[in-house]
Amino acid sequence: MSTGLSARTSLRRRFVNGFMLSLTWIAAVLATLPLLFVLFYLLEKGVTSLNWAFFTHLPHPPSMPGGGAANAIVGTLVIVAGASVLGVPVGIGAGIYLAERKGAPLAVFVRFLADVLNGLPSIVMGIFAWELVVVPMGHFSALAGALALGAMMIPTVTRTTEEMVRVVPSPLREAALALGYTQWRTSLRIVLPTALAGILTGVLVALARIAGETAPLLFTAFGNDFWSLSMNQPIAALPLQIFNYAISPYDDWHAQAWAGALVLIALVLVISLLARAATRSGFARASE
Amino acid sequence: MVDEVRAGASGEAENTPTEPPRAGIAIHGGGAGDRIYSVVITVFALAVPALLLLIFAVVTNAAWPALKTFGFGFLTSSDWDPVNDVYGAAPALYGTLVSSFLALIIATPLALGVAIFLSEFAPPWLRRPVAFLVDLLAAIPSVVYGLWGIFVLIPILRSYVMPFLRDTLHLGATPFFSGPAYGPSMLAAGVILAIMILPYISAVSREVLMAVPRSQREAALALGATRWEMLWGAAIPFARSGIAGGVILGLGRALGETMAVTMVIGNRQEIAASLLAPGYTMASLIANQFTEATSDLNLSALMAVGFVLFVVTLIVNAGARWLVWRTSREAGI
């Protein structure tokens, strides 16, 4: 009797096991579907709307078909470059500090705050840059957009730099110190060059993240229908243009929005893949 | 490889016109250099708290006039009337909370399922591609999700999902699924947010599940547990607070998400019980109205919405980080 009972129990247990196991398979399928769904429509609608003029022309008013987003593509690059000027050095510096003073109370505190900063809504960064740059200047500007995005880069660059500096083997550092190198020379000449590929990954990950940001640019960079490369003037950005075109009532502009989204995704994916490649070479170097 | 790097680095050092590394000089000169170096990186590190403090000060300062005028009533009033200069953020606060929780309800089981799949059950050859695809969800810009939401997701929801929920499943009898099926709606916002936060929850859950010590799993299996019993009885309890941290991290993302939500939620200043009706969130309220603010108080009211959003996400994120940190510390011991 007891054997019968245990056989039944074990059947039930095996059924539950198989059932839950297949549920996780279903979850995996369901979780990858949205991505394929998004990419499929991007390609389908984006490719048909994309043409050479998109890369070379300025936007046209809605009554005129055609036009492009040349200024928005360049504008995005300008803002992202401006953001890097702020985000990269501060992020790398803070990351080195976190890696070299691992257990110090300040390091624990800064690490925690960097993570909190990373979770701040991007729109809050926008109102911060608005109040700090747009209000004193009296008008929207590329500089304000770059400040908002640069501030967003800092936590990402900080944490990846920290991780990459940490995986540098300590015998390397110790060997340099034993040869009479000072602390700062060991850090700058030995540790940093070794971790460089990894740090580059962090910078690229941060770039990929901010390149597609729209909310912080709404009332900082603001957008511009004409050519402008000045940090002092409102500037066009690809995400802003996608947003404005998507919520417009014109079919022409909807097509342009899809084309813009495809270009933006391509930009972000290329940066992400570069980041992956950089990590791989970085890890190979550190573990060899 | 390491030797090359070392050789290269020391080669550089030889090229620079510095004195040979005599011990006395090196220690002496290093003292000053090390102090300067230490100060420089400390300053960079201090930039992080300084930035956070500055953001807090700037936003609080800008929000102050509205907070002072409306007090706590700002969070409970539904008036948003630029003509009479009276503002209340209740519909936006409600919309932010409801859309975020809706997203959590949809995303959490899926994300957990994927995390368990990837950490326990997936065949090795499938692990990397699936993890890559799920991580990639986080790389898609918010505005692209919004575009997709407007032209693909909303038509599907309006034509198939909403009538199915309301009529076929008879959920229309409850207030949550009653009334006409608008396209842009709380439901659309919840679904798009769920897709957007899924990679964050699943990445953290996967990490904490993988951090569960092998001995823990092996002990359960040795006692005759099935793989699921091992997971449920041994691995998940161990990873519980880390998983909770991941979920709360996803909540933080959802609360502050702006563009995609703005594009699909319908932007209506009203509290509607039905998920099929349009709503508003705090972030989309700021995004839509900021450049069109008519008075100083109007602008300050929008800043106050930003202030509330800032404080709420700050608390949520700090809590999430603490939970994740606690788990990883326990796993370390």
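Visitor: Into which domains is chain B divided in this predicted model?
Guide: The model shown here is a predicted one, and the division of chain B can be read along its numbering. One domain covers residues 21-71 and the other covers residues 73-332, so named because the bounds come from an automatic or database domain assignment. Chain B is therefore described, under that assignment, as domain 1 (21-71) and domain 2 (73-332).

Visitor: How many residues of domain 1 of chain B are in contact with domain 2 of chain B, and of which class are most of them?
Guide: The C-alpha centres of the two domains of chain B lie 33 Å apart, and there is also contact between these domains, with 13 residues of domain 2 taking part. On the domain 1 side, 10 residues take part. Divided by class, that side has no charged residues and 3 polar ones, while 7 are nonpolar.

Visitor: What are the numbers of helices and strands in chain B, and how does its radius of gyration relate to the globule rule?
Guide: From the N terminus on, the elements of chain B run α-α-β-β-α-α-α-α-α-α-α-α-α, which gives 11 helices and 2 strands. The C-alpha trace of chain B spans about 80 × 65 × 35 Å along its principal axes. For 333 residues the globule rule gives 20 Å, and chain B is well over that value, so it is more spread out than a compact globule, with a radius of gyration of 26 Å.

Visitor: Which elements make up chain A, and what is its radius of gyration?
Guide: Read from the N terminus, chain A runs α-α-α-α-α-α-α-α-α-α, and it has 10 helices and 0 strands. Along its principal axes the C-alpha trace of chain A spans about 80 × 70 × 35 Å. A compact globule of 288 residues would have a radius of gyration near 19 Å, whereas the value for chain A is 25 Å.

Visitor: Which helix gives the largest share of the side of chain A that touches chain B?
Guide: The contact between the chains takes 78 residues from chain A and 78 residues from chain B. Among the elements that give two or more residues to the chain A side are α1 (2-49), α3 (70-100) and α10 (251-287) of chain A. By class, this side has 56 nonpolar, 15 polar and 7 charged residues. The largest share, 18 residues, comes from α1(A).

Visitor: Which helix of chain B gives the most to the largest nonpolar core?
Guide: This core holds 211 residues, and those that touch the most other members are B:Val48, B:Ile192, B:Val264 and B:Val305. B:Val264 touches B:Ile192, and its other contacts include B:Gly146, B:Leu153 and B:Pro184. From chain B, 18 residues of the core come from the helix that gives the most, α6 (residues 186-210).

Visitor: Is B:Thr281 buried or exposed?
Guide: B:Thr281 is found in the loop between α9 (259-264) and α10 (282-289) of chain B. Not counting residues up to four places away in sequence, B:Thr281 touches B:Ala92, B:Gly95, B:Thr96, B:Ser99, B:Val261 and B:Ile265. A residue counts as buried if 20 or more other C-beta atoms lie within 10 Å of its own. Because B:Thr281 has 32 other C-beta atoms within 10 Å, it is buried.

Notes: Residues are numbered from 1 along each chain as its sequence is written. Chains are lettered from A and ligands numbered from 1 in the order in which they are written. This is a predicted model: local features need pLDDT of at least 70, side-chain atom pairs count only at pLDDT 80 or more; totals for chains, interfaces and linings use all residues. Two residues are in contact if their C-beta atoms, placed from the backbone, lie within 7 Å. Ala, Val, Leu, Ile, Met, Phe, Trp, Tyr, Cys and Pro count as nonpolar, Asp, Glu, Lys and Arg as charged, and the others, Gly among them, as polar. Helices (H or I, at least four residues) and strands (E, at least two) are DSSP runs, numbered from the N terminus. A residue is buried if 20 or more other C-beta atoms lie within 10 Å of its own, exposed if 12 or fewer, and partly exposed in between; C-beta atoms are placed from the backbone. The radius of gyration is taken over C-alpha atoms; the globule rule is 2.2 Å times the number of residues to the power 0.38. A nonpolar core is a set of buried Ala, Val, Leu, Ile, Met, Phe, Trp, Tyr and Cys residues joined through C-beta atoms within 7 Å.
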